Amino acid sequence: MIISIASGKGGTGKTTVATNLALSLNGDVNLLDCDVEEPNAHLFIKPTMDKVEPVTTFIPVIDSEKCNLCRKCTDICRFSALAVAGKTVLVFPEMCHSCEGCIEVCPEGAISASTRELGVLESGHSGNLGFYLGRMRVGEAMSPPLIKKVRTKERERDITIIDAPPGTSCPVIAAMKGTDFVLMVTEPTPFGLHDLKLAVEAVKVLGIPSGLVINRADMGNSGVKDYAAEENIPVLMEIPFDRKIAEAYSRGIPIVEAFPDYADKFRALYAKIEKYSSVEKES
Ligand code: SF4
Ligand code: SF4
């Protein structure tokens with residue numbers, strides 16, 4: 001079972017749900033922090049980290065001695081990562097999506113492979129819980145390849161929980177695609193509803209079963225619940241606003257540690273995820 005925890009925007013409690021769900025299950029679980037621009041699940045999990053490995057991606061290098069300036073590489077590059085300037089082909093590594101199309105089309109064998117570092121993959125554990133996080137290099141803009149690298153760890157255990165990046169763009173798709181269930185975390189406010197709608201559209205395109213956790217559920221208005229009912233999205237858990245939960249969060253203490261009775265609530269959430277993911281598969 002691979003569950004991606006997503007939210008249309010930051011600050012809705014996505015990491016709170018991901019970490020507390022992972023800590024509650026007490027089983028064969030990996031937690032992957034794919035919020036690679038700003039990973040913070042470790043602040044709550046407090047893992048022992050035992051490995052850091054660099055993650056790199058392909059970039060082309062042009063041999064101007066061999067290059068005949070035919071422009072086949074610049075024509076095929078959809079990302080404007082190559083340009084002919086005078087008698088050289090310039091490479092803009094930050095724009096390169098590592099598709100390797102240029103190397104394929106070059107008739108002169110003038111393009112060879114090099115790499116640029118995207119960031120690091122850090123591995124560790126907290127008790128039984130396996131923990132991995134991606135951390136993007138400062139100044140790097142291309143997060144999907146790093147997210148894909150973190151996700152290579154998702155089949156190691158029976159259950160994988162992915163803390164996805166916020167938003168609805170390419171990095172979130174990279175963290176949701178191919179998972180068994182997307183759990184969307186939102187808050188009952190007009191902003192929460194606006195961003196939830198965008199997230200729901202993305203999940204629909206991917207065709208993945210989904211459900212909702214409403215955080216600070218006793219604040220705001222009924223817009224999120226009304227929308228969930230219209231769209232037939234099950235509300236699997238509601239977490240009320242509680243000053244004590246907010247205080248524990250601000251000190252890096254998971255809800256299930258500060259309030260142990262919440263572990264049963266998160267286990268009940270997992271049971272509902274199992275139920276809804278299998279219902280969707282059968283239908
Ligand atoms: S690898 Fe792909 S994206 Fe990168 S420069 Fe070559 S064609 Fe462009
Ligand atoms: S395809 Fe090869 S030969 Fe043609 S411009 Fe690009 S690098 Fe030069």
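1. Glu-247 has a relative accessible area of 34%, which makes it partly exposed. Its side chain meets that of Arg-243 in a salt bridge, 3.2 Å from N to O. Arg-243, at 60% relative accessibility, counts as exposed. Both residues belong to helix 9 (residues 243–250), where they are four residues apart, about one turn of the helix. The model is a predicted one, and the points below should be read with that in mind.

2. The count of salt bridges comes to 14. Besides the pair in helix 9, several others deserve a comment.

3. Glu-231 and Lys-204 form a salt bridge in which the closest N and O atoms are 2.9 Å apart. This pair links distant parts of the chain: Glu-231 sits in helix 8 and Lys-204 in helix 7 (residues 190–206), with their positions 27 residues apart. Glu-231 is partly exposed, at a relative accessible area of 28%. Lys-204 is also partly exposed, at 45% relative accessibility.

4. Is the salt bridge partner Glu-154 buried or exposed? Glu-154 has 10% relative accessibility and counts as buried, because the limit for that class is under 20%. Arg-151 likewise has 10% relative accessibility and is counted as buried. The two residues form a salt bridge, and their closest N and O atoms are 2.7 Å apart.

5. Which residues are linked to Asp-35 in a network of salt bridges? The network is made up of Lys-14, Asp-35 and Asp-163. A reader checking the charged contacts by eye can look at these three residues together.

6. Two residues have a backbone angle worth checking. Leu-69 has a phi near 60°, a positive value in a residue other than glycine. Leu-69 is placed in the loop between strand 3 (48–62) and helix 3 (72–76). With a relative accessible area of 29%, Leu-69 is partly exposed.

7. The second case is Arg-216, whose phi is positive, about 50°, although the residue is not a glycine. Where does Arg-216 lie? Arg-216 is in the loop between strand 10 (210–215) and helix 8 (223–231). Its relative accessible area is 26%, so Arg-216 falls in the partly exposed class, which runs between the 20% limit for buried and the 50% limit for exposed. Helix 8, at the far end of this loop, is also the helix that holds Glu-231.

8. How many residues are around ligand 2? There are 13, and those that come nearest are Cys-67, Cys-70, Arg-71, Cys-73 and Cys-106. By class, the residues of the shell divide into nine nonpolar, one polar and three charged. In reading that division, note that Cys counts as nonpolar and Arg as charged. Cys-73, one of the nearest residues, has a number within the range of helix 3 (72–76).

9. On the surface, Leu-90, Phe-92 and Met-95 make a nonpolar patch of about 240 Å². Leu-90 lies in strand 5 (residues 88–91). At 36% relative accessibility, Leu-90 counts as partly exposed. That value also satisfies the requirement for patch residues, because they need over 30% relative accessible area.

How values were computed
Residues are numbered from 1 along each chain as its sequence is written. Chains are lettered from A and ligands numbered from 1 in the order in which they are written. This is a predicted model: local features need pLDDT of at least 70, side-chain atom pairs count only at pLDDT 80 or more; totals for chains, interfaces and linings use all residues. Side-chain values use heavy atoms; hydrogens and water are left out. Buried means under 20% relative accessible area, exposed over 50%, partly exposed in between (1.4 Å probe, protein chains only). Patches are made of residues with over 30% relative accessible area and no salt bridge: like charges are joined within 9 Å, nonpolar side chains (Val, Leu, Ile, Met, Phe, Trp, Tyr) within 5 Å. Accessible areas come from the Shrake-Rupley method with a 1.4 Å probe; for residues, only the protein chains shown count as cover. A salt bridge is a side-chain nitrogen of Lys or Arg within 4 Å of a carboxyl oxygen of Asp or Glu. A residue is near a molecule or strand if one of its heavy atoms lies within 4 Å of it.
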